Amino acid sequence: MAEISIEDVSFSYEQDRENNFVLKNINYSILPGDSVLLLGPNGSGKTTLLKLIMGLLKPTKGKIKIDNIDTNKLSVFEISKKVSMIFQNPEKQFFAETVREELSFGLKNRGLREEEIKMLVDEVSKKFGLFEYLDRSPFDLSGGEKRRLSIASIAILDPEVLIVDEPTAGLDFQYRNLMVGILREFLKTKNKSLIIATHDIDFGLRIANKAAVIDEGKLIWNGDIVSLLKEEEIFSKGILTHTFASSLISKLILQSNVDFQKVVKGLEELAEGLM
Ligand SMILES: Nc1ncnc2c1ncn2[C@@H]1O[C@H](COP(=O)(O)OP(=O)(O)OP(=O)(O)O)[C@@H](O)[C@H]1O
Ligand SMILES: [Mg+2]
């Protein structure tokens, strides 16, 4: 399974490179089995870092390696065999005329046989509640259905590393829960890894076991999720903002020795009971 190492990476979108680094000297590794929450204020550089990992942008300085191979030496297609990204705006991802074609495209590229593709498309479309829409245009789906298709078209490729940018923006409670379920299911396969860039810390806490915090292009903190919740300074300085649930969890684990996973499970059950 894939290991990603980000080695002293700086990046600038501008020609005037020396003065305008959007990312500055980032060092970080994502190991097989990691589930990392990438956090930071608007404009801090999260999406830029994800695009660099995907090979859609190239580091201005430093290197990104996937399984020890410099991504500068790999094509976007080669990278996409191991790492797949679900973009924030699903419509940007779609290009096919039907949901079936959208789901089949990556599999065709990989050279799978017609029958294998049909079987996988049927299976995945049923799982994501899209089976009855297979002949419809992706653009004629509802907002929630488009989201499900964008995830399904990546899930069907079964990547080793899954990257999700702002998975819950504008989504209701029910869809959030569906997303939690899908990502947890993905992580059940040993050594798969997940990177989630989000402002939705409550959502992230339910899935991730690690966190990395970027502020103004610098990686200012990384560690496990429980340690992040004990890190009061990041929150008091306003780099990250607590929600009601995250501040409650943080207080509980700081003041008593309760188990983080148990607290999250308890809150999930409570929320479920209230629905
Ligand atoms: N294509 C681009 N050209 C020039 N500057 C860009 C481009 N895309 C992003 N930027 C700038 O790079 C910085 C980092 O943007 P990025 O989208 O990576 O932030 P982010 O952490 O994902 O923010 P958000 O939380 O709002 O999604 C911002 O200052 C942004 O204005
Ligand atoms: Mg972003």
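**A walk around the model**

H4 is followed by Gly-111, and the phi of Gly-111 is positive, near 80 degrees. Keep in mind that this is a predicted model.

Visitor: Helix H4 first, then: which helices do the buried residues of H4 pack against?
Guide: H4 covers residues 99-109. Its buried residues include Val-99, Leu-103 and Leu-107, along with Arg-100, Glu-102 and Ser-104. Follow the buried residues of H4 to their partners and you land on helix H5 (114-127) and helix H6 (143-155).

Visitor: Over to the strands. How many of the residues of S7 are buried?
Guide: S7 spans residues 161-165 and is mostly covered. Buried here takes 20 or more other C-beta atoms within 10 Å of a residue's own. By that cut-off, the count for S7 is 4 of 5.

Visitor: Do S7 and S8 run parallel or antiparallel, and which residue of S8 stands opposite Leu-162?
Guide: S8 is the strand at residues 193-197, and 5 bridges join it to S7. The two run parallel. Opposite Leu-162 you'll find Leu-194.

Visitor: And S6, which residue there stands opposite Ile-163 of S7?
Guide: S6 takes up residues 83-86 and pairs with S7 in the parallel sense, over 4 bridges. Look across from Ile-163 and you meet Met-85.

Visitor: Last stop, ligand 1. How many residues of the shell are polar?
Guide: The residues around ligand 1 include Gly-40, Asn-42, Gly-43, Ser-44 and Lys-46, as well as Tyr-13 and Val-22. Glycine goes with the polar group in this scheme. Set aside the 2 nonpolar and 1 charged, and the polar count is 7.

Definitions and conventions. Residues are numbered from 1 along each chain as its sequence is written. Chains are lettered from A and ligands numbered from 1 in the order in which they are written. This is a predicted model: local features need pLDDT of at least 70, side-chain atom pairs count only at pLDDT 80 or more; totals for chains, interfaces and linings use all residues. A residue is buried if 20 or more other C-beta atoms lie within 10 Å of its own, exposed if 12 or fewer, and partly exposed in between; C-beta atoms are placed from the backbone. Two strands pair if DSSP finds at least two bridges between them. Two residues are in contact if their C-beta atoms, placed from the backbone, lie within 7 Å. A residue is near a molecule or strand if its C-beta atom, placed from the backbone, lies within 6 Å of it.
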